[in-house]
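Colleague: Could you take a close look at one part of this protein for me, the second largest pocket, and tell me how it sits in the chain around it?

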Amino acid sequence: MSRATDRLAAVAARRATGERCGITSICSAHPLVIEAALRHGKARDADVLIEATCNQVNHEGGYTGMTPADFRRFVETIAGKVGFSLDRLVLGGDHLGPNPWKHLPASEAMARAARMVDAYAVAGFTKIHLDASMGCAGEGAAPSDATIAARAAELAEVAEAATERTDGTKPVYVIGTEVPVPGGALEAMNHLAVTTPEAARQTVRIHRDAFSRRGLDQAFSRALGVVVQPGVEFGNAEVITYEPERARVLAGTLRDLPQFVFEAHSTDYQPVSALTALVDDGFAILKVGPWLTFALREALYGLSHIAEVLVPDQARENLPTAMERVMLAAPNNWKNYYHGSEAEQRIERHFSYSDRIRYYWPAPAAQQAVDALMQALGDRDIPLPLISQYLAHLDGAVANRSVAPKAAELLIASVTEVLDTYASATG
């Protein structure tokens, strides 16, 4: 993966020479999303950046049950299946810090974060976003900027030692945390503020100083990205679209920071014009996650309706009903995010842009329901009128024969449609 990492590390330098460049960061652990991303990269002969979050994948298993080494094997197995070259793959760790253990005292939370970062580095993850912005037990919502930077440098030292020990590829680093913590925003959307230029410069300055105090100047020379808030976010039923004028002064700070590009989180559901403008303004790393599984859920639900028409079976539970049962049985992944009446919560469980349903696809009952649906449809050609009725966004691609009218291909195509939007924006 070293050559792909080298190409990623050169993004800021390329941009400084006037080249327009960017990359999409795929933030998902769903096997069909990963497959779609790797197939998409292969078709375009392009690098693919796939990231896992601290809550999703860590040395203790995370909510996916995977360690970093497990996740790497998982992705590489899919890459082998689709024939994607590992030389074009970059694996990243997102929000790596004490967040999964913030209920513990800082010393213990940071000790566990260090073991996690070590596991990521040893497993060959070469893009590391260091995020120690959350307060631990007794610290309040957030520690001071100086403490955040010091903890980030402490974790960088762990990553550097791990790659020395294993003769691994030295990682590139992303710093800065002016985005919601992993899992999504809980605050009101109307209070969203663009990061100030002063805050962006301060982030770089205090992290540089913190790294230097630990003798990590060479490591900091590989810091590539700064996470800032460009004024984009999404909620359950709304999207705040990027407005270049609001971020013009922020974007201008990159002239003073030639080592860096900006990394934009929560870019899901942005129109291609907004994503293109983000890349133009130096937000060269565009993270997307929920939109990909939202598109997959749309296709799965469409296929469920098609199966009821094409292969009716009273004994087969339709997919929305099965997923409602799964989510109600284990509400922890949605109950703090969806509010309002019971009817409103039911709609949000299935159709929210926040897509909390993505946490439930690995559940055995959900997998059984999806497997039953896919077995019912099998490899048969689905009539175009049914695709037009229930999967209208794929109607044109099926009609022009760029997508086969088969259930498995329609699932991949729904995710690919989102990836195409990002490919157009990043160039």
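**A pocket and its surroundings**

Modeller: Happy to! In this predicted model, residues 24 or more positions apart account for 74% of the contacts in the protein chain with a separation of 6 or more. The secondary structure of the chain comes to 17 helices and ten strands. Its radius of gyration is 21 Å, close to the 22 Å that the globule rule gives for 427 residues, so the chain is as compact as a globular protein of that length. Buried residues make up 55% of those 427 residues.

Now to the pocket itself. The second largest pocket holds about 480 Å³ of space. It is lined by 26 residues, and G22, I23, R44, A46 and D47 are the closest to its centre. Two or more lining residues come from each of α1 (2-9), α2 (11-16), β1 (23-27), α3 (31-44), β2 (48-53) and α17 (407-426). By character, the lining divides into 13 nonpolar, six polar and seven charged residues.

Two of those lining elements, α2 and α17, also lead us to helix α10. In α10 (residues 272-280), the buried residues are A274, L275, A277, L278 and V279. These buried residues pack against α2 and α17, and against β10 (285-288) as well. Just after α10, G282 takes a positive phi of about 100°.

For setting up a box, the C-alpha atoms of the chain fill roughly 65 × 45 × 45 Å along the principal axes. The chain exposes about 17500 Å², with carbon and sulfur atoms supplying 50% of it.

Methods
Residues numbered from 1 in each chain as written. Predicted model: local features only at pLDDT ≥ 70, side-chain atom pairs only at ≥ 80, totals over all residues. Heavy atoms only, no water. 1 Å grid on protein atoms, 1.4 Å probe; cavity = no way out; pocket = protein on both sides within 12 Å on 5 of 7 lines; lining within 4 Å. Points joined across faces, edges and corners; volume = space filled by probe spheres on them. Helix = DSSP H or I, 4+ residues; strand = E, 2+ residues; numbered from the N terminus. Nonpolar A, V, L, I, M, F, W, Y, C, P; charged D, E, K, R; others polar. Buried < 20%, exposed > 50% of the residue type's maximum accessible area, 1.4 Å probe, protein only. Contact = heavy atoms within 4.5 Å. Rg over C-alpha atoms; globule rule 2.2 N^0.38 Å. Areas by Shrake-Rupley, 256 points an atom, 1.4 Å probe, with all protein chains shown as cover.
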